[in-house]
Amino acid sequence: MTRSEDQGPAITPRTRAKARHILDHYYIGPSRDASVLEIWGYTERMTYAPGELLALRVSTTAREWDLEIGRDGATYEVMHRESGLKGVHQRTPKDCSVTGCGWEVTYEFRIPDDWREGGYLVTLRAEQDGDRVEEHHLFLLRRAPEKPAAPFVLICATGTWLAYNCWGGSNHYEGITGPEGKSFSPVVSTQRPWSRGFCKLPAGAPRAVPDTPHKPGDMVRYPYMEWAYSYGYSKKYASAGWASYERHFARWAEAEGYEFDFATQHDLEADPDLLKDYQCAVFVGHDEYWSANMRHAVDSFTEGGGRVARFAGNFLWQTRIEDQGRTQVCYKYTADLDPLVASDREHLVTSAWEVFPANWPGARTFGVNGLKGVYAGLGRCVGQGSGGFTVYRPDHWAFEGAQLGYGDQLGAGARVFGYEVDGLDYRMDDGLPFPTGLDGADLGVQILALGLATNIEPDHEIWGETLYIGNSDAVFKAESMFGVCTDETLDRSSRGNGAVIYWQRGLGEVFTASTCEWVMGLVRQDRQVEQITRNVLNRFGNCQPL
C-alpha cells in the first residue's frame, strides 16, 4: 500500500483504494487528524512488579476514554476499570517508530500487591458522536519478590515483537525511512504502541501456517495477510506478539497447573542473573532476535545446571539493545552498514549469528541454527508438507506416553511444523540422524525428530500468482555462507530442516522443538504435542503439575 502520513487508526476505504497488493507495505499508526476518532497507548517498560507505579501514555482524539486492565491467564479476569478519563491528543513525530512517540504520562496506577504474575491486557476504549474505537496494550507482571520462586520462567520474545511491530511506519522488515521514505529501519523504538493484533486477536484469526496443505493447481495464498488487510490488523500479527504465541502457551500451562513467572528478553539484557532462581527457562513461538547479552545469560544458566525448554523457532539475528532498553538495533541484510564494522566491537555487528562477523552459531546455545531452516508451510515453501515432524527416536524420555513409533508424524494434525524452523547439519547412519558438528552443533545433540524446510519458494508459473518469499533468503544465505551466489551455492542454500533435539549441556539440559508453531499443538489439543510438553516441563522443573 502506498503510505500516507494521514493514514487513520485502521485501514480505511480511502487508503485501501490506493492498494496495489496485500504484499506491499501498509502499516498502522496515528491519524494526525483530530477529526478521526482514535486511541492508542503504551508504557515505558514492558515488565512491572506488584506495588510499582504503572504509567500509561495515552493519546486519543476523544473527549473521554475508558480503561480496563485484565489478567490474560487461563481465563481472562478483569482486575481494574475506570471510566470518563480526560482525553488528550498528543503530538506524534513522523519518525516515532524509530525515535519513539515522546508522549506525556496521562494516567498512573499503583499495581496492587496481591496481583498475580502473568500477562496483563490493557484495553483502551473511546466513543464519540456514535463512533467507537478500542485498542490494546500489554504489560507483564513479575512474581512478587517475597513469594518463593516459581520453578519456571517464561521469557517473552520481545526482541521479535519489536522487530515486527509496524506501528508508526517502520520495523526491521519494511518502513518509511531512508532517502526515498520506503526502507526498513535498522533502529526501532520500544516507546510506542503495539500494532493491532499483537496484544489481542479475535478467535479464528488465521495462522501463518494454513490449516490444510496447499493443493496442486491452486493459486498460492497467504490467508493471514489477506485477513489482516481486510479487518485492519497488522500485516505482521501472525509473526510476533503475545496474542499469537506466548498467550497460548501461558494459558495452557496455567490450566495444566504449572507455576510460571514472567519476564522478557529485555529483562535478560538488563539483568544477566535473572535466571538463577529458576529451575527452567521457557521460550515459545517466534523467537528470532537476540542480543549477545541475552545469549550469555542463557549460556551461563545452562552450563551451571539450569534447564532450557525452547518450544520456539527461527533463532537468526543478533541485535543490540541501546538507550537503556528504549532502542533495538539490527541491520540484518545490510550488516555492512552497521557502525561497529571494523571496530574493536565488530563481533556485535547485527548480522545473522552464523556468519561473519558474529560467527556465533545458534547451535552453541540451543543446539540448532536459524540458517539451517527456515520456511515450512508458508506459501509454497514446503506448502504440501505434512505439517509435522518425522519421528526417529521414539524411545527417548521426551516422547514417553506419546504413543509414537519410528517414522510416525508428530504434530501434523495441528500443523505445528512451521512457519519458520531451525535445523542443523546431520548425517544418516542406519536410518538415524546424527549431527556432523560442521555447523557448530555439539556432537552430543540427540536428534529426536526432523522435518524438511526450504529457503526458496518454488515458482510454478501459475497465471496471476505473486510469490511472497521467492528466493531472496537463499541468495542472502549463499552470499553470507559461501561469499558468492552462484547456481551451485544457491542450490546448496535452498535446503533446510527443522529438528526436535535434546542436549545435555554442561551441568544443564536443553530441549528444543525448533518451530514457531508448537503452541498450535497445545491450542488444538494435539495429545502427543501436549504429552511431550508435559514430559519436558515435568523433568526440567523437577515437579509434577499441581
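Helices and strands here are DSSP runs, with a helix having at least four residues and a strand at least two, numbered from the N terminus. With that in hand, here are a few backbone details worth finding in this predicted model.

1. Start at Pro 357. The peptide bond that joins Phe 356 to Pro 357 is cis, with omega at about 0 degrees. To locate Pro 357, look in the loop that runs between strand S16 (327-329) and helix H8 (363-366).

2. Next, move to the other side of H8. Gly 373 and Val 374 are also linked by a cis peptide bond, and here omega is about 15 degrees. Val 374 sits in the loop between H8 and strand S17 (375-376).

3. Carry on to Val 382, in the loop between S17 and strand S18 (389-391). Val 382 is not a glycine, yet its phi is positive, at about 50 degrees. Is this residue buried or exposed? Neither: with a relative accessible area of 27%, Val 382 counts as partly exposed, because that class lies between the buried limit of under 20% and the exposed limit of over 50%.

4. Finally, visit Ser 514, which you will find in the loop between strand S25 (508-512) and helix H11 (518-523). Ser 514 is another residue with a positive phi, about 65 degrees, although it is not a glycine. Its relative accessible area is 0%, so Ser 514 is buried.

Technical notes: Residues numbered from 1 in each chain as written. Predicted model: local features only at pLDDT ≥ 70, side-chain atom pairs only at ≥ 80, totals over all residues. Heavy atoms only, no water. Buried < 20%, exposed > 50% of the residue type's maximum accessible area, 1.4 Å probe, protein only.
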